Amino acid sequence: MFETRPDRDAEVVLLGRSNVGKSTLMREITGHDFTTGGKPGVTRSPNHYDWASESFVVTDLPGFGFMSGVEDERREAIKTDIVQYVEENAEKILAGVVVLDGKAAVDIIDRHTTEDEIPHTVELYHFLRELGIPPVLAVNKMDKVDDRDERLNDIADRFGLVPPWEQWRDTVAPITAKTGDITALNEAVRVHLEDAKRDDLKKFF
């Protein structure tokens, strides 16, 4: 399923639950249209976009979580594929962008947090850190959020980042992909590209 990756030395990946706006964000980053839709789980295989001039690729990985008409077994297989993809390409991934729905993220995380269960989005964030991949939380759909700073503080807290969120601007990036407002994400990703000594790739963000 994930064997379509172009042979590139550097990569930024987009990850997250279904229907959080990853494909729309991918379009904003690349200027290239990809399949998007209102139905959760439209993206079932990775979308890659690479530039001929640089050995660099941006990848939109399939969404996980609820998908209309998709069996549980298939959903679990997609999660496994995502984890394996990230593990196999960890040395080349310069940033892992975890896309969240700013309005729904806190409720979803709290609903799936129990003594025995860690929400998959939170688990994925820490998984990236364990692999040495800088995670960026792209908090999308902020145009629908009224209590902006309070919401961003709550999201930071759920991922183990002590509020206020403003001190984590290289990790927490409020955006509205649909309107092209992704400046905070671009700035966060550039920080990690600088850290990786890949200033040549900053022009893409």
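The legends below describe close-up views of a predicted model.

**View 1. Strand E3 and its surroundings.** In this predicted model, strand E3 spans residues 56–60, and because 5 of its 5 residues are buried, the strand is largely enclosed by the rest of the structure. The burial concerns both faces of E3, with Phe56, Val58 and Asp60 covered on one side and Val57 and Thr59 covered on the other.

**View 2. Strand E3 beside strand E1.** Strand E1, made of residues 10–16, pairs with E3 in the parallel sense, and 5 bridges link the two strands. One of the residues to look for is Glu11, whose bridge partner in E3 is Val57, a residue that is itself buried.

**View 3. The hairpin of strands E2 and E3.** Strand E2, which covers residues 47–51, runs antiparallel to E3 and is joined to it by 5 bridges. The two strands form a hairpin, with 4 residues lying between them, and Trp51 has Phe56 of E3 as its bridge partner.

**View 4. Helix H2 against helix H4.** The axes of helix H2 (residues 72–88) and helix H4 (residues 120–130) come within 11 Å of each other and cross at roughly 15 degrees. Angles under 35 degrees count as roughly parallel, and H2 and H4 are therefore described as roughly parallel to each other. The crossing in which H2 passes H4 is right-handed. On the H2 side the contact is made by Lys79, Val83, Val86 and Glu87, while His120, Phe127 and Leu128 contribute from H4. Sorted by class, the residues in this contact of H2 with H4 are 4 nonpolar, 1 polar and 2 charged.

Terms used. Residues numbered from 1 in each chain as written. Predicted model: local features only at pLDDT ≥ 70, side-chain atom pairs only at ≥ 80, totals over all residues. Heavy atoms only, no water. Buried < 20%, exposed > 50% of the residue type's maximum accessible area, 1.4 Å probe, protein only. Pairing = 2+ DSSP bridges. Axes fitted to C-alpha atoms, helices over the stretch in contact; angles between N-to-C directions. Parallel < 35°, antiparallel > 145°, perpendicular 65-115°, else oblique. Left-handed = near helix turned anticlockwise from the far one by under 90°. Contact = heavy atoms within 4.5 Å. Nonpolar A, V, L, I, M, F, W, Y, C, P; charged D, E, K, R; others polar.
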